[in-house]
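Please open the model in your viewer and keep the selection tool at hand. The stops below go one after another, each beginning with something to select.

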Amino acid sequence: MIKTIAKKEFTELLRDGRFCWTALIVFALLLVSLGLGWKNYTTVKREKDAAQVDSRKTWENQGERNPHSAAHFGVYAFRPKMPLSLIDSGLDNFSGSSIWVEAHYQNPARNRPIEDATALQRFGELTAAGILQLLLPLLIIFLTFDAFAGERTSGTLRQILSLGVPRLQLVFGKTLGVLAALLLLLIPSIVIGISALALASSNDVLLSSLPRFALMCVGYLLYFIAFIGIALTVSAIAVTPRTSLVILLTFWIASCLLIPRFANDLATNSIKTPTGSEFWAAVNKDMKDGIDGHDSANKRTKELEEKVLAQYGVTKKEDLPINFTGISLQAGEEHGNEIFDKHYSNLKTQHLSQEYFQGFFGVISPFLPVRGFSMAMAGTDLKHQQNFNDSVEEYRRNLQKMLNNNFADNSTSKDGMSYKVGKAFWEKTPDFEYVSLNTSSAFGSRIFDFLLLIFWSFGTLAVSVFAAHKMRAN
């Protein structure tokens with residue numbers, strides 16, 4: 001019986017001009033968005049790869065220089081473009097794309113694409129994720145708002161129920177019918193998406209991205225089922241199709257437009273983060289006075305000097321077999337690392353707390369969990385940005401340690417800053433290579449969103465079954 005009902009719903013939708021035209025428009029928008037995403041991904045990836053190569057060449061060809069001078073000469077680390085960003089660009093336009101790696105400072109990511117965007121681009125970007133998250137639910141609403149209310153008004157619902165059709169089977173049949181119609185739109189889009197991914201990536205990258213893509217598809221499927229369940233519930237309890245449509249459009253506006261903005265504003269106002277000037281003022285204060293406020297830079301240097309002199313059994317720095325300046329610079333780096341860990345850790349916690357705060361609003365809006373889950377699978381969410389920042393900082397610390405140790409071990413305090421190294425040494429220093437979060441880590445970071453999507457899909461279907469049992473036949 002469920003199969004028969006699903007076939008009936010599917011056939012009626014195909015004959016309905018509303019579905020044909022709206023599905024065609026949505027498919028065209030998906031096609032255009034995937035094309036724009038593919039073009040943006042390939043262009044940005046090519047530019048970033050070339051910039052990373054140029055930065056490395058500049059580093060290797062900087063000429064003879066003191067290692068610590070080279071540390072200030074610095075090098076850029078660019079965040080690679082994730083393949084699935086062609087579907088969901090997420091926070092890519094709003095987060096920094098490169099970090100300047102230098103001595104003494106853990107610089108934040110800079111060069112946000114939104115800074116160079118036009119007014120139209122700032123208003124919004126056409127992405128496949130945006131269409132799936134906003135327009136597909138709207139299409140589902142227009143297809144199902146009269147699923148029960150329309151049949152009640154026309155009198156066919158009483159006839160169907162009089163035949164002894166179980167209401168549970170009626171709900172599931174209509175759900176499967178609508179899903180089958182949507183798959184006519186989504187399956188070609190999935191094929192095109194995989195093709196775009198294959199054209200933009202190597203075989204290894206494609207294979208590593210497919211599990212993420214599959215999980216992303218599952219997340220969107222749960223999201224669409226949730227809206228089908230909501231639409232069937234409202235249609236079952238609404239007196240007329242017009243009332244059903246008004247209620248569903250109101251829910252769509254609230255869920256997809258108003259609640260996300262309200263949750264964001266409430267999160268940022270409830271969990272304050274320091275301004276740029278406040279953050280760096282606190283960092284510089286700790287650099288000068290120490291984390292505890294009683295360990296000044298001069299005091300730390302004096303204690304280090306006494307320790308090193310005693311270690312080598314000499315009374316003057318000039319008699320050391322190593323360069324004390326290099327040791328002092330590395331000690332300063334390690335002290336700075338503790339300070340950066342303190343302040344950046346606090347900032348990271350605040351940003352994640354804001355995100356978790358917003359996530360709880362997913363209980364009243366399915367849009368929020370699907371947005372977060374989609375970004376995580378695409379590798380364009382906050383967690384991936386923080387992972388990039390941490391990877392660059394780990395690279396920076398290893399590079400600074402290598403430079404300072406070379407300075408300390410291969411010269412003496414008598415040499416001062418006159419010690420220099422050349423291209424052979426620069427070529428031995430490691431190049432920055434970013435490894436993104438694996439699929440399980442990305443999924444684990446958004447398990448709450450995924451559970452919310454399951455809650456919404458199965459919960460709304462259960463409610464729609466309950467509403468169907470309580471609905472009037474006329």
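## A tour by selection

Begin by selecting Asn 111, which is partly exposed, with a relative accessible area of 44%; please keep in mind throughout that this is a predicted model. Asn 111 sits in the loop between S2 and H4, and its backbone shows a positive phi of about 60° although the residue is not a glycine. Most residues other than glycine have a negative phi.

Stay in this loop, which runs between strand S2 (98-101) and helix H4 (119-123), and select His 104, which lies in it too. His 104 also has a positive phi, of about 75°, although it is not a glycine. With a relative accessible area of 29%, His 104 is partly exposed.

**Helix H2 against helix H5**

Next, select H2, residues 17-60, together with helix H5, residues 128-144. Two packed helices are described by the angle between their axes and the distance between the axes. Here the angle is about 175° and the axes of H2 and H5 are 10 Å apart. Because angles over 145 degrees count as roughly antiparallel, H2 is roughly antiparallel to H5.

To see what lies between these helices, show side chains on both. From H2, the residues in the contact are Arg 18, Phe 19, Thr 22, Ala 23, Val 26, Leu 29, Leu 30, Ser 33 and Leu 34. On the H5 side they meet Ala 128, Ile 131, Leu 132, Leu 135, Leu 136, Leu 139, Phe 142 and Leu 143. By class, the residues of this contact of H2 with H5 divide into 14 nonpolar, 2 polar and 1 charged.

**The largest cavity**

Keep H2 in view and turn to the enclosed spaces, of which a search of the whole structure finds 2 of 30 Å³ or more. Rolling a probe the size of a water molecule over the atoms shows where empty space is left. For the largest cavity, select Gly 37, Ser 85, Leu 86, Glu 125 and Thr 127, which are the residues nearest its centre among the 13 that line it. The space in this largest cavity comes to about 80 Å³. H2 gives the most to its lining, with 4 residues, and the lining as a whole divides into 5 nonpolar, 6 polar and 2 charged residues.

**The second largest cavity**

Now move to helix H13, residues 324-359, which gives the most to the lining of the second largest cavity, with 3 residues. The lining is made up of Leu 352, Glu 355, Tyr 356, Asp 381, Lys 383, Ser 445 and Arg 446, so that selecting these residues brings up the walls of the second largest cavity. What is the volume of the second largest cavity? The second largest cavity has a volume of about 40 Å³, and its lining has 2 nonpolar, 1 polar and 4 charged residues.

**The second largest pocket**

For the last stop, select Pro 80, Lys 81, Met 82, Tyr 434 and Ser 436, which lie nearest the centre of the second largest pocket, out of 25 lining residues. The elements that each give two or more residues to this lining are helix H2 (17-60) and helix H9 (203-237). The largest share, 6 residues, comes from H2. The second largest pocket has a volume of about 540 Å³, and the residues that line it are 11 nonpolar, 6 polar and 8 charged.

Notes. Residues are numbered from 1 along each chain as its sequence is written. This is a predicted model: local features need pLDDT of at least 70, side-chain atom pairs count only at pLDDT 80 or more; totals for chains, interfaces and linings use all residues. Side-chain values use heavy atoms; hydrogens and water are left out. Buried means under 20% relative accessible area, exposed over 50%, partly exposed in between (1.4 Å probe, protein chains only). On a 1 Å grid over the protein atoms alone, a cavity is a set of points where a 1.4 Å probe fits but cannot get out, and a pocket is an open set with protein on both sides within 12 Å along at least five of seven lines; lining residues have an atom within 4 Å of a point. Grid points are joined across faces, edges and corners, and a volume is the space filled by probe spheres set on the points. Ala, Val, Leu, Ile, Met, Phe, Trp, Tyr, Cys and Pro count as nonpolar, Asp, Glu, Lys and Arg as charged, and the others, Gly among them, as polar. Axes are lines fitted to C-alpha atoms, for helices over the stretch in contact, and angles run from 0 to 180 degrees between N-to-C directions. Angles under 35 degrees count as roughly parallel, over 145 as roughly antiparallel, 65 to 115 as roughly perpendicular and the rest as oblique. Contact means heavy atoms within 4.5 Å.
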